[in-house]
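Colleague: Could you take me through this model feature by feature, giving the general idea and then the case at hand?

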Amino acid sequence: MSKASPMVLWTLLLVLYLCILHTYGQTGNRLENGKIVWGDLEPDDEYKTTGYKADLGGLEPYYNLAKSFIRSSLAENLPIEKLKALLKDFSGPTIKDVLVDSFLGYAVCLAIGILFILIFPIVGLCFCCCRCCGNCGGKRIQEVKPNAKCRRIGFGVALVILSLFVVAGSACAFVSSNQVTNSIGPIKDVLNNSVDDVQTFFGNVNRSFTHIADGNFKFLIDVVDNYTKEASGHVSDQLMKDVSKIVNLQTPLDAIGNLKNEAVVKVDRLSQLTQTLDTQLPQTGGPSPVAGIQTTLSEFKTKVSADVFGDLKKKIDSQISTTIAGTTQRVDVHGKMDPIFENNIKPMLEKIRDMKTTMGDTTKDFSSTMNSYIDTAKPYDKYRWIAGVALASLILLIAVLPLVGVLLGLCGGSEKVKPTERGCASNCGGILLMSAAGLIFIFGPLLMLLTTTMYAVGSPLERYGCEGVHDVKKLESYVPLIDGIGFDPRNVTLNVAGETVTVSASTVLDSCKEGKTLYTVLDLKKVIDKGLEKVTEFKNGSLTKGLSFDSNTVATSLGKATLDATSAVNDLKATVTVVGNLQTQITNLENQVMALGSAAGQMVNIVSDMKSTAAELTKVANDIETEAQQIPTLITTATNTLKDPTVMPQLIDKATKTLQDNIFQFVDSYTTDLKTKMANEVGKCTPLYSIFNAMMMEGLCYGIVDPLNGFWLAIGWSIFFFMPSLILSVKLAKYFRTMLYDDSYDNPIHSASVPPLATKPSSGKKKRPSFPQADGNRVSPF
């Protein structure tokens with residue numbers, strides 16, 4: 001049992017040591033040269049929405065084109081006052097003012113779309129009637145002209161180019177429609193990640209604030225308590241320093257300190273050489289020849305480490321400790337500062353924890369609601385996607401028909417062939433051209449209706465919604481238009497720890513975007529100062545009183561002190577004797593090495609190095625002895641100074657002030673560190689802006705609004721190129737289709753001998769007109 005006890009003791013000590021390391025590792029605080037060095041905060045947990053970017057599918061330049069068109073048709077800012085007046089008085093003059101000033105371009109675009117929807121079907125109906133009446137190419141009579149080849153090629157090339165533009169519009173429409181579907185899935189992930197990031201943010205704030213408000217405050221309490229309990233030791237230290245300077249004792253003490261450092265370096269060098277030599281000496285089975293040298297070096301280290309100043313300080317401390325302790329015992333550090341933590345700091349910690357729980361529950365409910373909406377809408381997105389593909393395919397069909405028609409017409413026919421003798425391929429090309437024209441007349445109004453409707457919705461969303469997300473102040477300016485919103489984002493009032501804080505949504509988001517902390521964003525200086533008021537009151541109140549000593553009483557106690565450092569001085573003088581023994585041992589060792597003859601090898605150099613180092617150490621020891629011989633006389637003078645009633649009260653007041661300043665500096669450094677970390681590190685709200693940006697800008701604007709505007713732009717683009725394509729298709733069709741009749745009036749060979757139009761009357765029936773041909777025969781034109 002007795003053998004197990006030491007093992008158990010060492011185990012307990014190891015556990016205690018590890019616990020201490022763990023505690024200091026959590027806070028990282030330490031005392032260094034009489035000052036507290038506050039540890040760094042732990043790194044924040046990572047956020048999921050930081051750096052999130054919506055996948056635009058490489059269409060950003062195309063979407064920028066749509067935005068450029070929107071900016072050119074809509075004013076940058078809404079006319080708030082005029083719109084408010086319009087809502088109150090919906091009259092003609094008011095509407096006119098609003099439209100002309102801010103929505104003229106928007107109204108013109110809508111008017112063009114509406115007029116197109118109304119007029120284009122009428123134009124198509126008139127065109128059909130014209131052809132049915134035998135006009136507009138309905139007679140299928142081809143005039144033979146000398147520039148027919150140039151017309152065929154020119155019209156064909158122009159139509160191909162226009163059709164390719166329409167194909168591009170069809171592709172953009174398909175990709176934009178598909179982009180909406182691709183954006184819906186990530187929106188759910190963004191919502192869920194945003195909920196996680198809100199909880200992570202408040203978790204990071206809670207951990208960081210707990211570090212500086214709980215861990216650091218308790219560390220401060222322990223440091224102040226220990227310093228207060230050890231006040232006599234700190235006062236004694238300062239008094240001894242001041243007295244040493246007065247009697248010039250500090251000069252030999254400083255010199256001895258420097259010599260000590262030099263001596264330790266040489267002793268370590270000798271110890272290293274001794275160990276090296278020990279490994280090279282022959283092993284005789286007996287004690288090592290260098291064992292005595294190692295013992296002497298240890299003895300020298302013990303002697304040279306004698307602390308004269310420490311012995312003198314202990315003498316002073318023993319005289320004043322009772323007097324000072326009688327005063328400092330009235331300072332109950334834990335009794336005063338623990339309630340400050342419980343009443344002022346702990347409620348703030350609990351408030352942050354409650355906020356974390358509340359915000360977590362709120363965001364979860366919001367996310368759950370939004371996810372349910374997304375899940376409800378997602379099945380219908382399939383039909384929207386099908387409609388989008390159908391529209392894109394229709395546009396593509398209208399674009400492909402002319403391309404194929406031109407290919408068949410140019411490759412399947414020749415200008416040398418008579419119009420009535422054109423082949424099947426050329427005729428099919430002409431039919432495809434007229435089919436494309438018919439589809440444009442049929443579906444053009446429908447496509448324009450979709451374009452106009454989506455433009456009417458998507459343009460304001462982009463101009464005044466998404467651009468407002470970029471600049472939240474713009475969104476805030478629209479608040480006067482909405483009555484009964486319930487709150488004003490320009491003037492949000494919060495109650496933080498009993499203090500009223502007023503902020504605006506735009507200020508918060510802009511500050512969070514810049515990486516500022518909640519302390520700065522919400523202007524929490526008053527809140528933090530209020531929480532630290534009690535700490536300042538304790539410092540200026542009971543702590544100051546408990547550290548204020550009666551200098552006369554302390555001086556009386558010091559008058560009874562007799563300083564003595566005989567033991568330490570003797571140890572310092574004895575270093576000369578010890579180093580003399582060391583030189584003797586090294587000389588003996590040298591003789592043993594030389595006796596080895598040629599086997600000595602490098603050992604001769606090692607011993608030589610030891611002798612030179614020992615000689616240097618002897619000089620240092622002699623210097624230490626010289627300095628030490630001055631000390632007894634100076635100590636006697638110092639003792640007399642301690643008894644001087646004209647000097648000591650002033651020194652005691654100075655030492656007391658130094659003690660107070662040191663302890664007050666601990667408190668001040670805590671408050672400074674807390675405010676600095678709160679202002680620069682704790683609660684950087686960049687994640688809150690990242691959440692807002694991911695949901696609103698990346699998810700809604702880039703994911704939904706941009707593809708919506710891209711879709712109507714693609715359809716409008718296609719309609720724009722439909723118009724010249726329609727004209728060219730009708731023009732070119734007569735050069736490809738097989739004509740029923742051949743008109744030779746313009747043939748230069750026969751133009752000079754064309755007889756007048758002849759008709760043959762018959763019994764009561766009209767005869768259709770006949771046209772002369774080159775061979776003199778006559779045929780019917782229909």
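Modeller: The secondary structure of the protein chain comes to 22 helices and 8 strands, where helices (H or I, at least four residues) and strands (E, at least two) are DSSP runs, numbered from the N terminus. This is a predicted model, in which local features need pLDDT of at least 70 and side-chain atom pairs count only at pLDDT 80 or more, while totals for chains, interfaces and linings use all residues. Residues are numbered from 1 along each chain as its sequence is written, and side-chain values use heavy atoms, with hydrogens and water left out.

Colleague: What does the pLDDT average for the protein chain, and which elements have the lowest and the highest mean?

Modeller: The pLDDT is the predictor's confidence in each residue, from 0 to 100. Here the protein chain averages 78, and 81% of the residues score at least 70. Among the elements, strand β8 (residues 778-779) has the lowest mean pLDDT, 36, and helix α2 (residues 60-73) the highest, 89. Over residues 1-26 the pLDDT is below 50, and this stretch has 4 contacts beyond near neighbours in sequence, a contact meaning heavy atoms within 4.5 Å. Over residues 745-782 the pLDDT also stays under 50, and there the model has 43 contacts beyond four places in sequence.

Colleague: How many of the residues in the protein chain, as a percentage, are buried?

Modeller: Buried means under 20% relative accessible area, exposed means over 50%, and partly exposed lies in between (1.4 Å probe, protein chains only). By that reading, buried residues make up 42% of the 782 residues in the protein chain. In helix α14 (residues 505-513), the buried residues are Ser506, Leu509, Ser511 and Cys512, and α14 is followed by Gly515, whose phi is positive, near 85°.

Colleague: What area does the protein chain expose, and which residues make a nonpolar surface patch?

Modeller: Accessible areas come from the Shrake-Rupley method with a 1.4 Å probe, and for residues only the protein chains shown count as cover. The protein chain exposes about 40,500 Å², of which carbon and sulfur atoms supply 60%. Patches are made of residues with over 30% relative accessible area and no salt bridge, like charges being joined within 9 Å and nonpolar side chains (Val, Leu, Ile, Met, Phe, Trp, Tyr) within 5 Å. Leu65, Ile153, Val157, Ile161, Phe165, Leu410 and Trp717 make a nonpolar patch of about 580 Å², to which helix α6 (residues 148-229) gives the most, with 4 residues. Trp717 is found in helix α22 (residues 686-736) and counts as partly exposed, because its relative accessibility is 32%.

Colleague: How many salt bridges are counted, and which residues does the one made by Lys654 link?

Modeller: A salt bridge is a side-chain nitrogen of Lys or Arg within 4 Å of a carboxyl oxygen of Asp or Glu, and by this rule the count comes to 22. Lys654 forms one with Asp242, the closest N and O atoms being 3.5 Å apart. The pair links distant parts of the chain, since Lys654 is in helix α21 (residues 648-680) and Asp242 in helix α7, 412 residues apart. Lys654 is partly exposed, with a relative accessible area of 44%, whereas Asp242 is buried, at 4%.

Colleague: Where else does helix α7 meet residues that are distant in sequence?

Modeller: Gln238, which lies in helix α7 (residues 231-246), is buried because its relative accessible area is 16%. Not counting residues up to four places away in sequence, Gln238 touches Lys654, Ala655 and Thr658. The C-alpha atoms of Gln238 and Thr658 are separated by 7.9 Å, although the two residues are 420 apart along the chain.

Colleague: How should I read a salt bridge within one helix, such as that of Asp661 and Lys657?

Modeller: An α-helix has 3.6 residues a turn, so residues three or four places apart point the same way. The side chains of Asp661 and Lys657 meet in a salt bridge (2.9 Å, N to O), and these residues are separated by about one helical turn because they are 4 residues apart in helix α21.

Colleague: What is the nearest side chain of opposite charge to Asp197?

Modeller: Lys and Arg count as positive and Asp and Glu as negative, with His and the chain ends not counted. Asp197, in helix α6, is buried yet has no salt bridge, and the nearest side chain of opposite charge, Lys48, is 6.4 Å away. Leaving aside neighbours within four places in sequence, Asp197 is in contact with Tyr47, Lys48, Thr49, Thr50 and Ile691.
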